[in-house]
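Student: I should like a close look at the salt bridges of this structure, and at the strands and sheets around them. Please give one connected account.

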Amino acid sequence: MNTGLKITAFAAAVAATFGTAYGVGTGIDPVTDRDKAPTARHGEHESEQPEGDGGKAGHTPGGLQISDRGYTLELAETRLTADKKQPLRFTVVDDATGRNVTAYAKEHDKELHLIVASRDLTTYRHLHPTRAADGTWSTDVRLPEAGGYRVFADFRPKGAKEGLTLGADLGVAGAYEPRELPAHSTTTKVDGYDVTLKGELKTGAGGDLTLSVARNGRPVTDLQPYLGAYGHLVALRSGDLAYLHVHPNGTPGDGKTEAGPGISFGTAAPSKGAYRLFLDFKHGGKVRTAAFTVYAGGAGEKGGGHAH
């Protein structure tokens, strides 16, 4: 099968599975808050629930909508090419005024956190783009595999009480080969480090997860602060990629939070099912990402499975 046919077949499969079009031809308009409720007036945006609150009934998990609470994420590029360094540009628009948002509050040392993840949850990027004076954000990105991706903008407009996460689809052209969701595991290796997961991802009131870092069989006790914390954890739900950015318990320099080996997070999953966890931690001057597949609420067989 030639590349064009492979991409066309994949686009059809994604459309059938998720109800959206991928990377080829015209796409289906995304569901936005504009389709569901009147837009709040400028300065009167509804407050976002705290991150990690997605398990409560009546609250939509972050990242599932391109438009939410009076703001819209607009990608300048919706199609890229696999394994090629390319610019990714976007804006966040204030729906009430139609203007780009240019004033943000810093969260974990940055005005905006950008996450790019493949639909099969095998590729993950945590990026920090730069913002131009007109509100256009940009960063270079290289995505290794063709397929469907989701772009998440995690931010808090200046003056807003809480942050929010908007999501948009991105197609990456190339020869596509579907990959299974990695198997469930409580241990993983990355760049010579062993990371162990303790605790269970729970729904409802949730609970704590602790991720411990070791190297050469010895606990790492000198983790370095990264974006104001010893670790950052993102959870993505397999299937629709519902997004959960979890803040760690404690902060560096507070007199009680140790610099490893364990990093503790309070978590609450929005539903039962399979999730992919991505932990960013810094040691030896370099940021590394450890990934795990877990099941919330006891759902699923823990031997792996398909991402969709």
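Tutor: In this predicted model, the side chains of Arg142 and Asp83 meet in a salt bridge, with N and O 4.0 Å apart. The two residues belong to distant parts of the chain, 59 residues apart. Arg142 sits in the loop between β9 (137–141) and β10 (147–155), and Asp83 in the loop between β3 (79–81) and β4 (86–94). Arg142 has a relative accessible area of 42% and is therefore classed as partly exposed, neither under 20% nor over 50%.

This pair is part of a wider set, for the structure holds 11 salt bridges. Another of them joins Glu111 to Arg131, whose closest N and O atoms are 3.0 Å apart. Glu111 lies in the loop between β5 (99–100) and β6 (112–118), while Arg131 is in strand β8 (residues 130–131), so the salt bridge ties together parts that are 20 residues apart in sequence. Both partners are partly exposed: Glu111 has a relative accessible area of 22%, and Arg131 stands at 30% relative accessibility.

A further salt bridge brings together the side chains of Lys286 and Asp191, at 3.8 Å from N to O. Here the linked parts of the chain are 95 residues apart: Lys286 is in strand β20 (residues 286–296), and Asp191 is in the loop between β12 (187–190) and β13 (193–198). Lys286, with a relative accessible area of 44%, is partly exposed, and Asp191 is also partly exposed, at 47% relative accessibility. Salt bridges also link Arg119, Arg150 and Asp169 in a network.

Several of the strands named above belong to sheets. Strands β3 and β10, which flank loops of the Arg142–Asp83 pair, belong to an open sheet of five strands with mixed pairing, in the order β3-β11-β10-β6-β7. At its edges are β3 and β7 (124–127), each of which pairs on one side only. Neighbouring strands in this sheet are turned against each other by 25° on average, direction ignored. Within the sheet, β10 and strand β11 (residues 164–173) run antiparallel and are joined by nine bridges. In this pairing, Ala153 stands opposite Leu166 in β11.

Strand β9, on the other side of the loop that holds Arg142, contains Thr139. Thr139 is buried, because its relative accessible area of 15% is under the 20% limit. Apart from neighbours within four places in sequence, Thr139 is in contact with Gln86, Pro87, Leu88, Leu114, Leu127 and Pro129.

The strand of Lys286, β20, belongs to another open sheet, in which four strands follow the order β17-β16-β19-β20 with antiparallel pairing. Strands β17 and β20 stand at the edges with a single partner strand each, so one side of each has no neighbour in the sheet. The average twist from one strand to the next is 20°. Between them in the order, strand β16 (residues 232–237) and strand β19 (residues 273–283) pair in the antiparallel sense over six bridges, and Arg237 stands opposite Tyr275 in β19.

At the other edge of this sheet, strand β17 (residues 243–246) includes Val246. Although β17 is an edge strand, Val246 is buried, at 3% relative accessibility. Beyond residues up to four places away in sequence, Val246 touches Leu233, Phe265, Gly266 and Thr267. The C-alpha atoms of Val246 and Val234 are separated by 6.1 Å, the two residues being 12 residues apart along the chain.

The confidence of the prediction should be kept in view when these details are read. The mean pLDDT of the protein chain is 83, and 77% of its residues reach 70 or more. Over residues 1–58, however, pLDDT stays under 50, and the model has 89 contacts beyond four places in sequence for this stretch. Residues 301–308 also have a pLDDT below 50, with 24 contacts in the model beyond near neighbours in sequence.

Methods
Residues are numbered from 1 along each chain as its sequence is written. This is a predicted model: local features need pLDDT of at least 70, side-chain atom pairs count only at pLDDT 80 or more; totals for chains, interfaces and linings use all residues. Side-chain values use heavy atoms; hydrogens and water are left out. Buried means under 20% relative accessible area, exposed over 50%, partly exposed in between (1.4 Å probe, protein chains only). pLDDT is the predictor's confidence in each residue, from 0 to 100. Contact means heavy atoms within 4.5 Å. Two strands pair if DSSP finds at least two bridges between them. Axes are lines fitted to C-alpha atoms, for helices over the stretch in contact, and angles run from 0 to 180 degrees between N-to-C directions.
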